[in-house]
Amino acid sequence: MRPAANDSYRASFISSANSFVKLVSQIPADKWQVPALGVWKVKDLVGHASRALLTIDNYLGKQSGGPKIDDAVAYFIAVRNSGADPDEIARRGIEAGKALGSDPASYVKELADQTLALVSSSKDDTSVGTPWGTMTLADYIPTRTFELTVHSLDLAATLSLPCP
């Protein structure tokens with residue numbers, strides 16, 4: 001049985017987003033191009049992780065042509081079973097890193113502020129149309145929390161920074 005949606009989903013997401021912003025703000029200027037994860041440099045990894053925020057902005061209030069996704073676990077199973085091309089994921093991370101511009105920390109802070117405001121003003125049952133199916137915001141938020149948390153840990157380890 002799936003737990004009922006409640007404010008703990010939002011609180012966890014808000015905490016992970018704010019921690020990610022804080023961590024990104026601590027990245028030294030000379031570390032953005034050091035190797036981070038796989039083919040990604042630090043800036044690429046930050047770009048990839050920032051997509052956890054950007055996808056909410058892009059998918060919220062939309063329907064997809066795919067099936068209904070019941071929860072975060074079903075979402076991750078659908079993504080895994082989709083046969084997503086690792087090279088395509090890597091390419092999107094690199095492109096997302098380039099989109100951060102010359103002041104990545106400011107970009108990430110603005111994106112997080114925008115996304116947190118959007119999440120705060122949206123109902124739990126608002127549709128989120130992902131490439132793998134449609135789910136509710138309350139069910140999608142934990143997938144974004146997971147992504148932000150995991151990649152914050154990756155960044156902190158890469159740069160020997162404390163993880164907020």
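**Exercise 1.** Work out whether Lys109 is buried, partly exposed or exposed, then find its salt-bridge partner.

*Solution.* Lys109 has 40% relative accessibility, so it counts as partly exposed. Bear in mind that this is a predicted model. Next, look for a carboxylate: Asp113 makes a salt bridge with Lys109, and their closest N and O atoms are 2.9 Å apart. Now check where the two sit. Both belong to helix H5 (residues 104-120), four residues apart, or about one turn of the helix. Last, check the partner: Asp113, at 40% relative accessibility, is partly exposed too.

**Exercise 2.** Follow Arg92 from its salt bridge to the largest pocket.

*Solution.* Start with the pair: Arg92 forms a salt bridge with Glu88, with 3.9 Å between the closest N and O atoms. The cut-off is 4 Å, so this pair counts. Both residues lie in helix H4, four residues apart. Widen the view a little and you get a salt-bridge network linking Glu88, Arg91 and Arg92.

Then turn to the pocket. Its lining has 18 residues, and Arg92 is among those nearest the centre, along with His48, Val79, Trp132 and Glu147. Helix H2 gives the most to this lining, with six residues. Sort the lining by class and you get eleven nonpolar, three polar and four charged residues.

**Exercise 3.** Describe how strands E3 and E4 are joined and paired.

*Solution.* First, the connection: a hairpin takes E3 to E4 through two residues. Second, the pairing: E3 (residues 127-130) and E4 (residues 133-136) run antiparallel, over four bridges. Third, pick one bridge to check: Val128 partners Met135 in E4.

Note on methods: Residues numbered from 1 in each chain as written. Predicted model: local features only at pLDDT ≥ 70, side-chain atom pairs only at ≥ 80, totals over all residues. Heavy atoms only, no water. Pairing = 2+ DSSP bridges. 1 Å grid on protein atoms, 1.4 Å probe; cavity = no way out; pocket = protein on both sides within 12 Å on 5 of 7 lines; lining within 4 Å. Nonpolar A, V, L, I, M, F, W, Y, C, P; charged D, E, K, R; others polar. Salt bridge = Lys/Arg side-chain N within 4 Å of Asp/Glu carboxyl O. Buried < 20%, exposed > 50% of the residue type's maximum accessible area, 1.4 Å probe, protein only.
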